[in-house]
Amino acid sequence: MTGRAPSRRRLDIVGWSATSPFGTGRAAFSQGLREGRGTSAPLDHEQWQVPAGPACLVPDFDVRKVLGKKGTRSMNRVTGLAVSTVGDLLAELDRPGLTPETTGMVLGTTGGSVQSTLDFTRGSLTGELPYLVDPGLIPYGVMNGAAGQIAIWHQLKGPNATLAAGRSAGLLALNYARRLLLTDRAEMVLCGAAEEYSTARAWLARHTAESDPDALLLGEGCAMFALTAVAAESDPVAQATASLVGVKALTSSEGDWEAVVRRAVGQLLDDAGITPADLWAVSPSAAAGAAGKAEAVIAQDLVAAGGGVRLPVAELLGEAHAASAAFQLAAVLGRAEADERAAGRFSVVTSTDEAGTVAAALLRHY
Amino acid sequence: MTAITADEKQQIKDIVCDILELEEDEITEESLFVEEHDADSMRLIEILSSLELNLKVTIEQSELARMVNLAGVYEVVAESAR
């Protein structure tokens, strides 16, 4: 609570970028989506000591090839993806117009890089002495390593936060960015989520799969958004293609996912004073199991009630875990920018995580 | 104090170049890690740990003050407990 009067302000999304299995950048993402191109491909098992089967990887992504050899010696894949995506986002923003001190960074994750964490732990357990470890791994073995490196690499000096929220991380990061802006902690916030493909994640996903482990198709990548607050009645900020109307995050503790997802979406629409007929698109997360099914039911209900089109994302990009909700958001923005019918209408993104998080976001397209 | 062999010198140089992300011809025995090669405190700790790990030596953290360039590192390693 800030004790301020409710602010009459609007949050404009002034830019976004994505590094995804579709390729690098906003254009590649939008194009892949438009074509409905699947990205599942066989893996090089020389490079990846993982279970058999395909995955959706960012094509030709190698941290040192993409970012250069300086400052990247120990950098893990998730950090490389995040640093590179923010670089692309900054390139399309008016960089000189940004004040480093008032530009914040919020990154959604599951637990950072599970690969780096395990590598470090393994080093300590198998080394001659417990402390004879590679210290270069330490910054990347903690979950806020990536957000910190983004700030260092791109010289952002505003608030720097990492949110661990699994599949819903992208939406919770957006909500955190919203609060930073509405409480004047930052003038601009870059926020999004990142997930890496790794040997450790592939095995963990297989051993914890709720459904058929052979049907698992993992994806990876990062999507980042730039938000700023403006007076509610003002014209859209230049380059802005949408505004963030609201985010709801609830917890499903008794297994009735459908009721909780319905409540989250219902509250968002009520708060905005709109009905499903005002929606242009709905993007459910396509999570495996009961939670994903509940989202699909709600999406279907919204579409049936006039709520526009249902946008498939995970079907094309795989299960991107921490990056999944951020990819959904990017998909809604990317598709809306190419469709005049979206103008003035709204879109809903929903997400669930097996830990019980239910999150939904409402956007308004310009 | 034990003398340091040419092989060990090369090994140390390899470690330092790897951590500071330098080619071998970019560094001299006298060039300064922080001032000339953009090292920060994290990199210096990495150098110390990597030397302990690979050369099986023990180096006190207080020795970091002397490990400002390759010559300093050679000196510290030569004096270190093995």
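How many positive and how many negative side chains does chain B have, and how far apart do the centres of the two sets lie? Chain B has 6 positive and 21 negative side chains, and the two centres are 6 Å apart. Keep in mind as you read on that this is a predicted model.

## Charges in chain A

Now try the same count on the other chain. Chain A carries 31 positive and 38 negative side chains. The centres of these two sets lie 4 Å apart.

## The build of chain B

Let's trace chain B along its sequence. You will meet 4 helices and 0 strands, giving the pattern α-α-α-α. Its C-alpha atoms fill a box of roughly 30 × 25 × 20 Å along the principal axes. For 82 residues, a compact globule would have a radius of gyration near 12 Å, and the 11 Å of chain B agrees with that.

What share of chain B is tucked away from the surface? Of its 82 residues, 45% count as buried. The accessible surface comes to about 4400 Å², and 48% of that belongs to carbon and sulfur atoms. You can also ask how contacts link the sequence: taking contacts with a separation of 6 or more in chain B, 48% are accounted for by residues 24 or more positions apart.

## The build of chain A

Chain A contains both kinds of element, with 12 helices and 11 strands. Its radius of gyration is 20 Å, close to the 21 Å that the globule rule gives for 366 residues, so chain A is as compact as a globular protein of that length. The C-alpha atoms of chain A fill a box of roughly 65 × 45 × 40 Å, again taken along the principal axes.

Buried residues make up 53% of the 366 residues here. Chain A exposes about 15500 Å², with carbon and sulfur atoms supplying 52% of that area. As for contacts in chain A between residues at least 6 apart in sequence, 76% join residues at least 24 apart.

## Cysteines without a bond

How many disulfides does the structure hold over all chains? The count is 0. Take Cys56(A), which is in no disulfide: the nearest cysteine sulfur belongs to Cys222(A) and is 17 Å away. Cys56(A) counts as buried because its relative accessibility is 0%, and the cut-off for buried is under 20%.

Why does Cys222(A) not pair with Cys191(A)? The sulfur of Cys191(A) is the closest cysteine sulfur to that of Cys222(A), but the distance is 10 Å, which is too far for a bond, because a disulfide needs sulfur atoms within 2.5 Å. Cys222(A) is buried too, with a relative accessible area of 0%.

## Two aspartates in loops

Here are two residues to find in the 3D view. Asp60(A) is not a glycine, yet it has a positive phi of about 55 degrees. Look for Asp60(A) in the loop of chain A between helix 1 (26–35) and helix 2 (63–67). Is Asp60(A) buried or exposed? Its relative accessibility is 78%, so Asp60(A) counts as exposed, the cut-off being over 50%.

Chain B offers Asp38(B), which has a positive phi of about 60 degrees although it is not a glycine. Asp38(B) sits in the loop between helix 2 (33–37) and helix 3 (41–55) of chain B. With 70% relative accessibility, Asp38(B) counts as exposed.

Technical notes: Residues numbered from 1 in each chain as written. Chains lettered and ligands numbered in written order. Predicted model: local features only at pLDDT ≥ 70, side-chain atom pairs only at ≥ 80, totals over all residues. Heavy atoms only, no water. Rg over C-alpha atoms; globule rule 2.2 N^0.38 Å. Buried < 20%, exposed > 50% of the residue type's maximum accessible area, 1.4 Å probe, protein only. Contact = heavy atoms within 4.5 Å. Areas by Shrake-Rupley, 256 points an atom, 1.4 Å probe, with all protein chains shown as cover. Lys, Arg positive; Asp, Glu negative; His and termini not counted. Charge placed at Lys NZ, Arg CZ, Asp CG, Glu CD.
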